[in-house]
Amino acid sequence: MISAADLPELLPLFPLPGALLLPRGRLPLHVFEPRYLAMVDDALKSQERLIGMIQPIGDNTGDDDQRLHAIGCSGRITSFTETDDGRYMITLSGVSRFRLSEVTQGFTPYLRARVDWCSFDRDLGQAEHDPDLDRNSFLPLLERFFDMAELQTDWDSLKSAEDEMMINALSMLCPFDPEDKQALLEAPSLQTRRETLVTLMEFALRKGVGEEKVQ
């Protein structure tokens, strides 16, 4: 467990469009670019082993003008393997969201930034619950969305999952646009995230029906 006192002021950044990491979630990553291989090497040498996942704004890659969203989420490297050709397969376990304060100039080939953690105290606490979650209406909506998106899941495990595990896993895995993923990340509570998730699924279903009619 990482406490607030363990969170560093300076964090390496991994700008990746559409990749969503949430506190207590798990994000597998395939790392192959030399600068990010160096970032993983450096993170593994640190005590916290933290990497900050953050989304570029629009089509920006985060390399040139450093146009990044203000909020990202840090993850601790909890699984690491190296392939024969030098690529890394890692898993990040979500620790806490952060607010970007200042991208720093340094000698590393990857971006680093000063970050502020103070707005996200609940991320380090216990798993959240959603008292207003109505699974009798949520799960049929989810099933229709999965059918439309041609996705598969273990429905028995999903139905028995705790509120946070289910909602956060769906937020991370569902194929939404990067800006929609950012909205899910920035949701101030689990209930708000679930409401946002429902809105996104309903919109996708309405859009899908509309496209079928046009065809």
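Glu 150 sits in the loop between helix H2 (135–149) and helix H3 (155–160). In this predicted model, Glu 150 has a positive phi of about 55° although it is not a glycine. With a relative accessibility of 73%, Glu 150 counts as exposed. The points below cover the loops, the strand pairing around E6, two buried residues and the second largest pocket.

**Positive phi in loops**

- Most residues other than glycine have a negative phi.
- Besides Glu 150, a positive phi appears at Arg 49, with a value near 55°.
- Arg 49 belongs to the loop between helix H1 (34–45) and strand E3 (50–54).
- Arg 49 is partly exposed, its relative accessible area being 24%, whereas Glu 150 is exposed at 73%.

**Strand E6 and its partners**

- Strand E6 spans residues 112–116.
- E6 runs antiparallel to strand E1 (residues 10–15), and three bridges join the two.
- Within the pairing of E1 and E6, Pro 12 has Arg 112 as its bridge partner.
- E6 also runs antiparallel to E5, to which it is joined by five bridges.
- Arg 99 has its bridge partner in E6 at Asp 116.
- In a regular strand the side chains alternate between the two faces of the sheet.
- In E6, Ala 113 and Val 115 form the covered face, while Arg 112, Arg 114 and Asp 116 form the uncovered one.

**Thr 104 in strand E5**

- Thr 104 lies in strand E5, which covers residues 88–104.
- Thr 104 has a relative accessible area of 18%; this is under 20%, so the residue counts as buried.
- Leaving aside residues up to four places away in sequence, Thr 104 touches Leu 10, Arg 112, Ala 113 and Arg 114.
- Of these contacts, Arg 112 and Arg 114 belong to the uncovered face of E6 and Ala 113 to the covered face.

**Arg 194 in helix H6**

- Arg 194 is placed in helix H6 (residues 190–214).
- Although its side chain is of the charged class, Arg 194 is buried, with a relative accessible area of 11%.
- Not counting residues up to four places away in sequence, Arg 194 touches Asp 130, Asp 132, Leu 133, Phe 138 and Ile 167.
- A polar contact of 2.6 Å links the side chain of Arg 194 to the side chain of Asp 130.
- Arg 194 and Asp 163 are 31 residues apart along the chain, and their C-alpha atoms are separated by 9.4 Å.

**The second largest pocket**

- Rolling a probe the size of a water molecule over the atoms shows where empty space is left.
- The second largest pocket holds about 330 Å³ of space.
- Its lining consists of 18 residues, and those nearest the centre are Arg 24, Gly 25, Arg 26, Met 165 and Ala 169.
- Strand E2 (26–31) and helix H4 (163–173) each contribute at least two residues to the lining.
- H4 gives the largest share of the lining, seven residues.
- By class, nine lining residues are nonpolar, three are polar and six are charged.

Notes
Residues are numbered from 1 along each chain as its sequence is written. This is a predicted model: local features need pLDDT of at least 70, side-chain atom pairs count only at pLDDT 80 or more; totals for chains, interfaces and linings use all residues. Side-chain values use heavy atoms; hydrogens and water are left out. On a 1 Å grid over the protein atoms alone, a cavity is a set of points where a 1.4 Å probe fits but cannot get out, and a pocket is an open set with protein on both sides within 12 Å along at least five of seven lines; lining residues have an atom within 4 Å of a point. Grid points are joined across faces, edges and corners, and a volume is the space filled by probe spheres set on the points. Helices (H or I, at least four residues) and strands (E, at least two) are DSSP runs, numbered from the N terminus. Buried means under 20% relative accessible area, exposed over 50%, partly exposed in between (1.4 Å probe, protein chains only). Contact means heavy atoms within 4.5 Å. A polar contact is a pair of N or O atoms within 3.5 Å; within protein, one must be able to donate a hydrogen and the other to accept it, and residues adjacent in sequence count only if both atoms are side-chain atoms. Two strands pair if DSSP finds at least two bridges between them.
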